[in-house]
Amino acid sequence: MIPELGHFALLLALGVALLNTSSPLLLRTSNYLVKPAVTLQFMLVFAAFLALVHCYVVSDFSVVNVVENSHSAKPLLYKITGVWGNHEGSMLLWMLVLSFFGFLVAFFRAEDVELKRLTLHVHGLVSAGFLAFILFTSNPFWRIYPPAFEGQDLNPLLQDIGLAFHPPTLYVGYVGYGIVFAYAIAGLLRGTIDSAWARAVKPWLGITWAALTLGIGAGSWWAYRELGWGGWWFWDPVENVSLMPWLAGGALLHANLVLERRNQMGKLVVLLAILTFSLSLIGTFIVRSGLITSVHAFASDPLRGLYILGYIVLVTGGGLTLYAWRQLPTSAPISLLSRTGFILLNNILLLTAAGTILLATLYPLILELLGLPPVSVGPPYFNATFLPLTAPLLVLCAAAPLMAWDGTTKKQRVALLKAAALPVLGCACIVLLMFQEEWWLLLVGFSLSALLVMSVVRYASSNLSNISLRHVASIIGHAGLAVFALAITATSLSREVYEVPRIGTSAMQLGDYTVTPLRAEKAQEHNYVTRRGVFEIRKGNSTITLAPEIRYYPVRDMNTSEAALHSTPLRDIYLVMGESGKDGVGIRMYVTPLQQWVWYGFVLIGMSGGLSFIAGIRRRS
């Protein structure tokens, strides 16, 4: 009965979304209808989501989705998080977030009521497209008869605390751009993209970018712990498709600031709003269509891929057609030696970076479709194309907040260069003292971080007398970027890797650490069997014990390697067991400086977006 109720709630939600969208055509005035319709749609989708959660919690194996992705022995936490650990459930979560955004827009007071009403009508159209996708291609409530005796369990790699909050936060980011897109279409329909429009959309840009940042950070943290990937990025195709809207969204966030403060870049802002949501949809298409293979790509139904492809063509094509048809006024000329000019240059670099990733993601697919020999695009390509863009990008990020909006005088530019010289020279001295093989890379990375720190300090000090929440958000965001740049420089260039002595052998000195194998253990847990090795690691008077594991999940007949971690603000010790070989199980130890600062950077950047959202909402109140 519960699955039928969930199914029925989704059908009703589709009807409500269509009614909301079509009401301006059917009724003389639809003002009184919009808010109840958006609220009802959210409640119906929420009810459907709770129905699916109930099916997972009680292990209702008459529901196909539960059979394919759960097991009665699975811990309760992973039964619940397993709801979005598959295609159908994750799309229902996507729809829940989209409906919640509409509900929030309807709930909060708006300066421009007409713009809000139009936005919610467009939101209804976007919602109807996704509801139809779920109901006709990805319905999580399909039954089987007779019910299965037991489920097939969730992919063990997804049974991790990181997956409890990585997809929800990531989806808030992806889906939030749906609301921004709705604002852009509403603005185009009215032919008004100005400072008032920028203020209306600003809170949603802030919270969306914050959520996408935290979602990407959570995914990176999960991949680091569960898969042993990189420490901050691995250039996996599914990782890359989330980076593209983040880069375009960053450009949009800053261009919208120019529109709000200077009433310039209106055409660029709307174009970015359309492109950013389109990149979110392209990412969804790539992950859902089965075109790529990844540990967290949900394969693979051509019908689903075709539906999303058609939806992308409709949304992007329709948006761009309206953009071309509606002739927005051209902004006044922009001086490149100004804050506006630096933000414009920054946007060009961000979009170029997003373009290099899109090219690398689509190129192998295009070759495959043409029947040409397959190619693999990996880190060498990104090191050659993406990383060189980051240096000028960070320089512009550091300099832009210190520039005047209209332009700077020669005297101001000289003062800026003098201020920048000190941190660069300081970093040069530090790097020369360290004198590593990659000394020039360290010099570049540390210098860019120091430039950003210098910029944050000067920006904060210049606004102390009249500091606002908006200033605090900007300061925290750029400080987070400085922390992130410093951390990835250190983790990428100063990691130490050691082969650890196996169980049954004697202690060994590895760098500054004495590693002693203590014992091997075996245990039966809820739904897996684990084999772990226990190691003592000593440095000076400090001693820690780590126990990496190999887990075997019998339902899936699958092994996973669970790393053991000891983290401090200065370094991570990461111990991981590999596959069994002739000489036993290989064990490696990684000592990575400043690894935790990667996550601190993500959190700070995410906090800045959250504060920007609060600042925007407070302004309306």
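The legends below accompany three close-up views of a predicted model.

**View 1. Strand S6 and its pairing with strands S4 and S7.**
Strand S6, which spans residues 549–553, is mostly covered, since four of its five residues are buried. With strand S4 (residues 529–539), S6 pairs in the antiparallel sense, and four bridges are found between these two strands. One of the residue pairs to look for here is Val 529 with Tyr 552, the latter being the bridge partner that lies in S6. Strand S7, made up of residues 558–562, also pairs with S6 in the antiparallel sense, in this case over five bridges. Tyr 553 has Met 558 of S7 as its bridge partner. Between S6 and S7 there are four residues, and the two strands form a hairpin. Within the turn of this hairpin, Asp 557 has a positive phi of about 50°.

**View 2. The second largest pocket and the helices that line it.**
The second largest pocket in the predicted model has a volume of about 470 Å³. Its lining consists of 20 residues, of which Val 122, Leu 125, Val 126, Phe 181 and Ile 185 are the closest to the centre of the pocket. Four elements give two or more residues to this lining, namely helix H1 (2–26), helix H6 (113–137), helix H7 (162–190) and helix H11 (302–325). Among the contributors to the lining of this pocket, H6 gives the most, with seven residues. As for the character of the lining, 14 of its residues are nonpolar and six are polar, while no charged residue is found there.

**View 3. The surroundings of Tyr 498 in strand S1.**
Tyr 498 belongs to strand S1, which covers residues 496–499. Because its relative accessible area is 16%, which is under the 20% cut-off, Tyr 498 counts as buried. When its neighbours within four places in sequence are left aside, the residues in contact with Tyr 498 are Leu 510, Gly 511, Ile 587, Arg 588, Met 589 and Val 591. Tyr 590 can be located in this view by its C-alpha atom, which is separated by 6.5 Å from that of Tyr 498, although the two residues are 92 residues apart along the chain. The side chain of Tyr 498 is also joined to the side chain of Glu 496 by a polar contact of 2.5 Å.

Note on methods. Residues are numbered from 1 along each chain as its sequence is written. This is a predicted model: local features need pLDDT of at least 70, side-chain atom pairs count only at pLDDT 80 or more; totals for chains, interfaces and linings use all residues. Side-chain values use heavy atoms; hydrogens and water are left out. Buried means under 20% relative accessible area, exposed over 50%, partly exposed in between (1.4 Å probe, protein chains only). Two strands pair if DSSP finds at least two bridges between them. On a 1 Å grid over the protein atoms alone, a cavity is a set of points where a 1.4 Å probe fits but cannot get out, and a pocket is an open set with protein on both sides within 12 Å along at least five of seven lines; lining residues have an atom within 4 Å of a point. Grid points are joined across faces, edges and corners, and a volume is the space filled by probe spheres set on the points. Ala, Val, Leu, Ile, Met, Phe, Trp, Tyr, Cys and Pro count as nonpolar, Asp, Glu, Lys and Arg as charged, and the others, Gly among them, as polar. Contact means heavy atoms within 4.5 Å. A polar contact is a pair of N or O atoms within 3.5 Å; within protein, one must be able to donate a hydrogen and the other to accept it, and residues adjacent in sequence count only if both atoms are side-chain atoms.
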